[in-house]
Amino acid sequence: MTYYGDYQTEIYNAGLAGELPKVPVNFKDLEARAHAAMPPGLVAYVAGGCGNEHTQRTNVSAFEKWGLVPRMLVGAAKRDTSIDLFGCKLPAPIFMCPIGVISLCSQDGRGDVATARAAHTMGVPMIASTFSSVPLEQVADELDGAPGFFQLYTPTDRELAESLVHRAETAGFKGIVVTLDTWVTGWRPRDLNLSNFPQLRGYCLANYFSDPVFRTLLEKSPEEDLRAAVKRWAGIFGNPLTWDDLPWLRSLTKLPLILKGICHPDDARRAIDAGADGIYCSNHGGRQANGGIAALDLLPGIVEASGTTPVLFDSGVRSGTDVIKAIALGATAVGIGRPYAYGLALDGVDGIIHVLRSILAEADLLMAVDGYPRLADLQPSSLMVVR
Ligand code: FNR
């Protein structure tokens, strides 16, 4: 039996042969190395957040308010990190968040493909963003049977929304994640100061440009007139959905429907009543609004309101210890965002795999050392507020 924690033995043994990890195992060094390797405009886009970035800082620091109480003599030599998520048996309770410019984070500009390949190797689901440099069908091919979910930015054109969802279904994605908090872009000073918004420059729009419905909205194809195609895209991108739109969204697919950006218990209850299969508690990593509340602090309320409905969580997760704390607070699965983008920037598919393995190794070893062999052992009562 192997465990994620065994990765440390691999690293130490490689060290005996003089080999050091190519990519750092901890977030602080990973981030610094990735920022040094990436073009400044891309660093601003990936690392930046809304307003003075208070929310994204507090997303991270919120984890430090909690400590895991060690338990001894429980027999944690064997651990089980597996979960069942929407019918998918997963080896670990994590997934890769949708990152719209993930393609650009790869040195070959094909980060969506690299992410799918890493998902395939690790069995860690990828949530593929609507923003992609290759059509979603190609991402699904690269997943090659590994679980993937498709994230939808709902356009104002309903036919286009339907087309994207049906394409995702046909391609074999296991669920549709509808992001609710991004029908308009939040105020992002780092990008504004560089006047840089990648999609307006024509990047990551392959899902639109390859879509038969989108193409009917154009006078000339994107290959013939990129500027006009981008302008058309900008005109239909963001749909300020209301509760009245939910029955329509629900009717589009039989796949699990997961709503991303739910942060209030009343919204969670109402979404479940309207047929949502999963609630995704997230503040978009502080990129969309600088409201000031850490997503982690909102998680317990969402978990309570969601009852038996799975709760996905992201925003501020930087380590295996963070994953464990989010699980203890009731998350069913925990999203890794910026860290895997940085792994990709430094070492492609292998870089993503290394980041995921490092996070999972830390989580597994925490379960081992602190005596929580099963995820179900991790409860709010396993945590203590640190003063
Ligand atoms: C995102 N996120 C995001 N979310 C989404 O639903 N669709 C998308 O296309 C994107 N694009 C995107 C780009 C970049 C550069 C980042 C950093 C994030 C949000 C993402 O899914 C997730 O909610 C955050 O990344 C979580 O925050 P941390 O943990 O990365 O800080």
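In this predicted model, an oxygen atom of the ligand is placed 2.7 Å from a polar backbone atom of Pro 98. Two further contacts of the ligand can be set beside that one: a polar side-chain atom of Lys 260 lies 3.0 Å from a nitrogen atom of the ligand, and a backbone N or O atom of Gly 316 lies 3.0 Å from one of the ligand's oxygen atoms. The three contacts are collected here.

| Residue | Protein atom | Ligand atom | Distance |
|---|---|---|---|
| Pro 98 | polar backbone atom | oxygen | 2.7 Å |
| Lys 260 | polar side-chain atom | nitrogen | 3.0 Å |
| Gly 316 | backbone N or O atom | oxygen | 3.0 Å |

On its own the ligand has 600 Å² of accessible area, and the protein covers 99% of it. The shell around the ligand consists of 22 residues, of which Pro 98, Ser 129, Thr 179, Arg 318 and Arg 338 are the closest. Sorted by residue type, this shell contains seven nonpolar, ten polar and five charged residues.

The site of the ligand is the largest pocket, whose volume is about 810 Å³. This pocket is lined by 45 residues, and those closest to its centre are Val 46, His 284, Gly 285, Arg 287 and Arg 338. Arg 338 thus appears both among the residues closest to the ligand and among those closest to the centre of the pocket. By residue type, the lining of the largest pocket divides into 16 nonpolar, 17 polar and twelve charged residues.

Turning to secondary structure, at least two residues of this lining are supplied by each of α2 (27-37), α3 (40-47), α4 (54-61), β11 (333-336) and α17 (338-370). Among the contributing elements, α4 provides the largest share of the lining, namely five residues.

Two residues deserve a separate note for their backbone angles. Phe 86, found in the loop between β2 (83-85) and β3 (88-90), has a positive phi of about 50° although it is not a glycine. Cys 204, which is likewise not a glycine, has a positive phi near 65°, and its place is in the loop between α9 (189-193) and α10 (206-209).

Technical notes
Residues are numbered from 1 along each chain as its sequence is written. This is a predicted model: local features need pLDDT of at least 70, side-chain atom pairs count only at pLDDT 80 or more; totals for chains, interfaces and linings use all residues. Side-chain values use heavy atoms; hydrogens and water are left out. A residue is near a molecule or strand if one of its heavy atoms lies within 4 Å of it. A polar contact is a pair of N or O atoms within 3.5 Å; within protein, one must be able to donate a hydrogen and the other to accept it, and residues adjacent in sequence count only if both atoms are side-chain atoms. Accessible areas come from the Shrake-Rupley method with a 1.4 Å probe; for residues, only the protein chains shown count as cover. On a 1 Å grid over the protein atoms alone, a cavity is a set of points where a 1.4 Å probe fits but cannot get out, and a pocket is an open set with protein on both sides within 12 Å along at least five of seven lines; lining residues have an atom within 4 Å of a point. A molecule sits in a cavity or pocket if more than half of its atoms lie within 2 Å of its grid points. Ala, Val, Leu, Ile, Met, Phe, Trp, Tyr, Cys and Pro count as nonpolar, Asp, Glu, Lys and Arg as charged, and the others, Gly among them, as polar. Grid points are joined across faces, edges and corners, and a volume is the space filled by probe spheres set on the points. Helices (H or I, at least four residues) and strands (E, at least two) are DSSP runs, numbered from the N terminus.
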